[in-house]
Amino acid sequence: MIEISQAFLDTLATARAEAAAALLAGGAVVCYPAPRPAAGGAPQGPALARIPFEPGVGTPSPAGLAITAPIAGQCVASGDIAWARIETSAGAWLVDLDAADLHLDRTAVQAGAFVRLLSGVVR
């Protein structure tokens, strides 16, 4: 029987959150209108907004990577955000999710305005 201390499990979980922060740094949440493609598939149309992740994107802990400071991106087109893609700094696909799964300040956006990601947790 293998028994593992909670301290060791917490260290591993924190290391995973730190790795997620490093992967997200320089990447972005890219927001799109419907329809949503298959996971990782090409979007059907242009992005509505891009919310960039700066280095230090969140606080790593055993509970995950907490993104608590609001971050904003300027909208390049008008429309309703239906889904978003999280990308690396090189534009590689990481995650696709519905707008309902994001904590955005708004989903109906206008070109030139800003949309903010208010918070989130990567586990």
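Here are three short exercises, with worked solutions, on the strands and the largest pocket of this predicted model.

**Exercise 1. The open sheet**

Work out the strand order of the open sheet of four strands, and find which strands lie at its edges.

Solution.
- Start with the order: the strands run β2-β1-β7-β8, and their pairing is antiparallel.
- Next, look for strands that pair on one side only; these are β2, residues 49-52, and β8, so they are the edge strands.
- Then follow the twist, which averages 20° from one strand to the next.
- Now zoom in on β1 (residues 28-32) and β7 (residues 83-87), an antiparallel pair with five bridges.
- To find your place in this pair, pick V30 and look across to β7, where its bridge partner is R85.

**Exercise 2. The partners of β11**

Take β11, which spans 114-122, and trace its pairing with β4, β5 and β9: how many bridges does β11 form with β4, with β5 and with β9?

Solution.
- Begin with β4, residues 64-67: three bridges link this strand to β11, in the antiparallel sense. A handy marker is L65, which stands opposite V122 of β11.
- Move on to β5, residues 71-74, which is antiparallel to β11 and joined to it by four bridges. Here Q74 has F114 of β11 as its bridge partner.
- Finish with β9, residues 103-104, where two bridges make the connection to β11, again with the strands running antiparallel. In this pairing, L104 has L117 of β11 as its bridge partner.

**Exercise 3. The largest pocket**

Describe the largest pocket by its space, its central residues, the elements that line it and the classes of its lining residues.

Solution.
- First, the space: the largest pocket holds about 350 Å³.
- Second, the centre: 18 residues line the pocket, and those closest to its centre are I67, I86, L97, V121 and V122. You have already met V122, as the residue opposite L65.
- Third, the elements: α1 (6-24), β8 (93-98) and β11 each give at least two residues to the lining. The largest share is that of β11, with five residues.
- Fourth, the classes: the lining has 14 nonpolar residues, three polar ones and one charged one.
- Last, link this back to the earlier exercises: β8, an edge strand of the open sheet, and β11, the partner of β4, both appear among the elements that supply at least two lining residues.

Definitions and conventions
Residues are numbered from 1 along each chain as its sequence is written. This is a predicted model: local features need pLDDT of at least 70, side-chain atom pairs count only at pLDDT 80 or more; totals for chains, interfaces and linings use all residues. Side-chain values use heavy atoms; hydrogens and water are left out. On a 1 Å grid over the protein atoms alone, a cavity is a set of points where a 1.4 Å probe fits but cannot get out, and a pocket is an open set with protein on both sides within 12 Å along at least five of seven lines; lining residues have an atom within 4 Å of a point. Grid points are joined across faces, edges and corners, and a volume is the space filled by probe spheres set on the points. Ala, Val, Leu, Ile, Met, Phe, Trp, Tyr, Cys and Pro count as nonpolar, Asp, Glu, Lys and Arg as charged, and the others, Gly among them, as polar. Axes are lines fitted to C-alpha atoms, for helices over the stretch in contact, and angles run from 0 to 180 degrees between N-to-C directions.
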